[in-house]
Structure formats: C-alpha cells, structure tokens
Amino acid sequence: SKDDYQNNINILSKKIIKLKLSQIVDIESIIKNLFLSNILFLYNLFINLPNFIPKNVIDFETVLHEKYLKEIKLTNSLSVPVTYSLILIGNSDFSIKTNEIHVESKSSDTFDITYQSNTSINKYCKLICISDTVNISGLSVLSYFIVTNSIRSHPLKIIEISNIPLYEVGKFEINIVNPFENEAVFQIDLLNTHYSKQSKIKNQSSKNKIKKELENKSNNLESDNNNLINQIPVFFIKQDKIIIRKGGNSKLYVEYLPLKFVKTSITIRLLDIKVGEIQYELTGIPMYPLSTNIFDYVMEIETFNSLSVKVPIKNVQFEKAVNNLIDRLKVIQNIDAINNLQKYLMKPETNFDVLIDDNEFLSIENSNLKIGKTNNDSNKNSKNEKNNDLEIILSSKKKSTVSNKIIDLFVIGKNLFNVKSIKCNLTIKPKPLKIFIEIQSNVRDNI
C-alpha cells in the first residue's frame, strides 16, 4: 500500500543518514522505483558482504606432486535443516567433489577439499558456503581462507660431489629429465643452502684424526666470520633457464668451489609455473687441499733428532679461490655475497695451527704459530715474518731407522680457516762409512 511504501522510505532515510550518505543521496528522489531498487540492492550488499570475508583459515602442508585431502566440518545449530552451496574461488589446484552439502538440524556433516600441485609455490583459495534458506547473519554465508604454508618436496635425484679438493673449481654436468606431459621452459633457482657440522670428508688415505680436527676447526670459526662465509655460495650455474621437450632431457652445467671444509647441500629448483616443478639435491664434500708445498729432506740416521720446515705464510690456493669466487659472484651480480666475502677477508691471519698426520716417527714441537708476537713460542716466526715464512719444528719420537717417509702437514689460519697442505719427503740414510787402510813399508816400496 501507499502507507507501506512511505514507511519503507522512512526506514531507508534513517539508514542513509546513519551511513552518512545524506549529503550524497537526495532522500526525496528515492520515491522513484528504479532508484529505490538500486538503494535496496546496495543496502543488501552492505549488510551481507562482510559475511564473505574469511574468518577462518584452513592450512595445507603437503608434499610436491602428491594428492592431499582435508576434511571440512560444517555444524548446523538451528532447529531446521540447512543446505549450503559450496564455491571455491582461487587457485585451480584446490577442488571439491560436490557443489552442495545438506546439514540436518542440530548436527554436523563433512566434505573433502583436495589439493595437488606440480609446483611448490604457496597457493591461495577461498571457500564460500551460501544458504538461500537461512537469513541469520553469520549463518547464511560461511567463508574460509585456504592457504598452503609449507610444501615439502622430494628431490628427483640426489647427487654427491666428493672428488673436488678444497679451493679448487669442480665442473660437472647433470642430466635433467622432463617428466611432464608438455614441453617445459624451466626457470632455474638455487635454494636452501645447508652446512653440515659432520662433513664425512673423504680421502684415499685414512687420516681420521686430521679429518676430525679440520672439521672442528672449520666449524669453530668466530661467529661473525662463520656467519659471513655461510652466506657465500659455493655452487654456481650460468644458465637461468632450460627448455626441455615432453619426455626429453638436457644437460645442466654446475660449478662447485668449496671455501670451507664442511659438507654443503643445496637444492636446484627447475620451475615452469604452467607445467610443473622438479628438484635436484647437490651435496658437496671437499677433499684435502692439494699439496702445493713439497719438500725433500735427506738426513743422516746418527744425527737426526729434529727437522725444521719453513712454509710460506701466503696461501696461494686460498687467494686464487677467493678471486675465482669474486669473478663468479660478479657474473650472477650477487653484490651482497661479494660484500660479505670482502668483510670476511678484512681480518688478517696472525695465528696458525699445525696438524700432522698419524705416524710413528715425528711429532710437532710448535703446533701453534703466532705472527708478529714476541713470546717464546713465536720468536722464530716473528723473525721469519720478514721472509714470509713460518717455521715448523718436527722432532723425532724414537730412534730412526734407514727408511723413506712421507709426512703430511696442515697449516690452518685460525681467522679465515685457510688451509695449506704440505708434504715432506724424508729420506733417512746411514752415515757414510770411513775406512782407514794401513800399508806396510815394504809393500809400499814394492808399490
């Protein structure tokens, strides 16, 4: 009736004033039917749209390429049955088998959301449950936010590199296979660098004590330097993408340059957002550095008690490795890593530890060498500093026998953990025998 119509206009007028829209909307103009319909529609949106904002979050923690189901429970607290239409809005990796769910009064019912993805990128989706029969705010529309917070993955292949000496550049190739049904343009990223405290470093000779000592010293760098070097990459890939046809394969070329005597693992992610993702895990385990300082000593068995080995302070291998690292970091434009490396190198080496491999013949008299100090333990090295040498004194454990011995030494800078490998070839020989011949006079005359 006309009275009802006028009453509705009065109610709308109050709402418009409450919403502070009276300056925009002419209240008298809403008498027109068309404008009145628009106002009613907008008012309906204002009342109901807040219900579409998700108030609950559904978390998915899944494994790459594997299907995962999550059960969603809806509860009806009303005295009448409720039917909800189910709508998923967002990423297509989420799915539901049914479009609606019927919940009896004072009871609950469940349905499953399925998630399966070929990529480890976090995905987002909204679940909206709408009932046309319920007009109660908060029950007519139920909304959920669905998110994948962490997607675990299994590498397609784990590759171990254990034949590269410390400070040397190792170059190798990986055969990448496309397991998907379409050609893929994979973007290549290096992720999740991990340093292991137990390196399980391999070497042909069994020097377990030396290996353990080097591991401990490598892991016990002062915290600032340790943090800096852990932010410097040791694996490098020049390619940023690779194209592989369906069921095909291609070569990926990788360089490994270890600067620290620890086991290092990294994940290579190959990602095509439209096709899928595969991962490979690389593990680098450095060998002992190459012996660039090789000394030959010949000693007489009667006089051999100790041996003086003079080693250059400068570690050419370490410096070469640093320069190689900087060159590669410049190529990939990793300025932060270059800055960290330069900060790492700022503190000079003044304190060195010396390790010797297990042997029955020689031990180290001065296992700690200090440069630029004046105490009794380092006077000799203070003098040798001008000659850029460190002097290591080896003493005989027991009386020597005639033999040839190979002694391995390792000199370790304690600030930067730069390791120098030294090989001493020691030959112990008998003292030359002097023979005196006495000749009789009559024999001498005859001669």
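This is a short dialogue on reading burial, contacts and helix faces in a predicted model.

User: Where is lysine 123, and is the residue buried or exposed?

Analyst: Buried means under 20% relative accessible area. Lysine 123 has 9%, so it counts as buried. Its place is in the loop between strand S6 (107–115) and strand S7 (124–130).

User: Which side chain forms a polar contact with that of lysine 123?

Analyst: The side chain of aspartate 93 does, at 2.7 Å. Not counting residues up to four places away in sequence, lysine 123 also touches Asn91, Phe94, Tyr115, Ser117, Ile146, Val147 and Thr148.

User: How should I read threonine 292, and in which strand is it found?

Analyst: Partly exposed is the class between under 20% and over 50%. Threonine 292 has 48% relative accessibility, so it is partly exposed. The residue is found in strand S17 (residues 291–300).

User: What does threonine 292 touch beyond four places away in sequence?

Analyst: The residues are Gln317 and Ser421. A separate value concerns asparagine 315: it is 23 residues from threonine 292 in sequence, and the C-alpha atoms are 9.6 Å apart.

User: Why would buried residues in helix H6 be on the same side?

Analyst: The general idea is that an α-helix has 3.6 residues a turn, so residues three or four places apart point the same way. In helix H6 (residues 335–344), the residues Ala337, Ile338, Asn340, Leu341 and Tyr344 are buried. They cover an arc of only 160° around the axis, and therefore lie on the same side of H6.

Notes. Residues are numbered from 1 along each chain as its sequence is written. This is a predicted model: local features need pLDDT of at least 70, side-chain atom pairs count only at pLDDT 80 or more; totals for chains, interfaces and linings use all residues. Side-chain values use heavy atoms; hydrogens and water are left out. Helices (H or I, at least four residues) and strands (E, at least two) are DSSP runs, numbered from the N terminus. Buried means under 20% relative accessible area, exposed over 50%, partly exposed in between (1.4 Å probe, protein chains only). Contact means heavy atoms within 4.5 Å. A polar contact is a pair of N or O atoms within 3.5 Å; within protein, one must be able to donate a hydrogen and the other to accept it, and residues adjacent in sequence count only if both atoms are side-chain atoms. The arc is that of the directions from the helix axis to the C-beta atoms.
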